[in-house]
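User: Please take a close look at the aromatic ring pairs in this model and at the strands and loops around them. I would like the geometric criteria stated with their cut-offs.

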Amino acid sequence: MKKLRYLFTIIVIVFIILALRPIDTSKENSVVVIGTVTSVHEGGVKDLVFKLKDDKITYYINRGLENGFSLQQAKNDFIGKKVVLNYAKCWTPLAPLGTSSKHITYLTINGKVKYTEWK
């Protein structure tokens, strides 16, 4: 029984480490997605969340509403528009199949950069 408790503790610690590790937001570690924005809303802690047409995944700008975006202006600027976005490639045990939400690292409309985390 003591070995089982020890094993369980190790598994929990590994799970927590994997879930909380920092996200690599570099250009080299990103995936490009092109789509039309159907909705924009607030989520998480002041995150700006985007939903694209015919896409089950949601995309978010971390703390976007604390860093230069207003919700109403974002709705006006993005809804109905075709965007090109990059999100950070990462795996987490909180969403093991990758079907949850993705962290936006770069976002453009008509070739104009609207958001970037790249240097």
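Analyst: The account below takes the ring pairs in turn and then the backbone of two loops.

This is a predicted model, in which local features need pLDDT of at least 70 and side-chain atom pairs count only at pLDDT 80 or more, while totals for chains, interfaces and linings use all residues. Residues are numbered from 1 along each chain as its sequence is written, and side-chain values use heavy atoms, with hydrogens and water left out.

A search of the whole structure yields 5 aromatic pairs. Rings of Phe, Tyr and Trp (its six-membered ring) pair if their centres lie within 6.5 Å; planes under 30 degrees apart count as stacked, over 60 as edge-to-face and the rest as tilted. One of the pairs joins tyrosine 59 and tyrosine 87, with 5.8 Å from centre to centre and 45 degrees between the planes, a tilted arrangement. This pair links distant parts of the chain, 28 residues apart: tyrosine 59 belongs to strand β3 (residues 58–61) and tyrosine 87 to strand β4 (residues 82–88). Strands here are DSSP runs (E, at least two residues), numbered from the N terminus. Both tyrosine 59 and tyrosine 87 are buried; buried means under 20% relative accessible area, exposed over 50%, and partly exposed in between, for a 1.4 Å probe and protein chains only.

Tyrosine 106 and tryptophan 118 form a stacked pair, because their ring centres are 4.3 Å apart and their planes lie at 5 degrees. Tyrosine 106 is in strand β5 and tryptophan 118 in the segment after β6, so the pair ties together parts 12 residues apart in sequence. Tyrosine 106 is partly exposed, at 22% relative accessible area, whereas tryptophan 118 counts as buried at 18%. Ring pairs also link Phe50, Phe69, Phe78 and Tyr115 into a cluster.

Tyr106 also meets valine 113, which contacts Tyr106, Leu107 and Thr108 when neighbours within four places in sequence are left aside; contact means heavy atoms within 4.5 Å. Valine 113 is found in strand β6 (residues 112–116) and is partly exposed, with a relative accessible area of 46%.

The loop between β5 (101–109) and β6 holds asparagine 110, which is exposed at 73% relative accessibility. The phi of asparagine 110 is positive, near 50 degrees. Most residues other than glycine have a negative phi. Lysine 46 also has a positive phi, near 60 degrees; this residue lies in the loop between β1 (30–43) and β2 (47–52) and is partly exposed at 37%.

Conventions: Helices (H or I, at least four residues) and strands (E, at least two) are DSSP runs, numbered from the N terminus.
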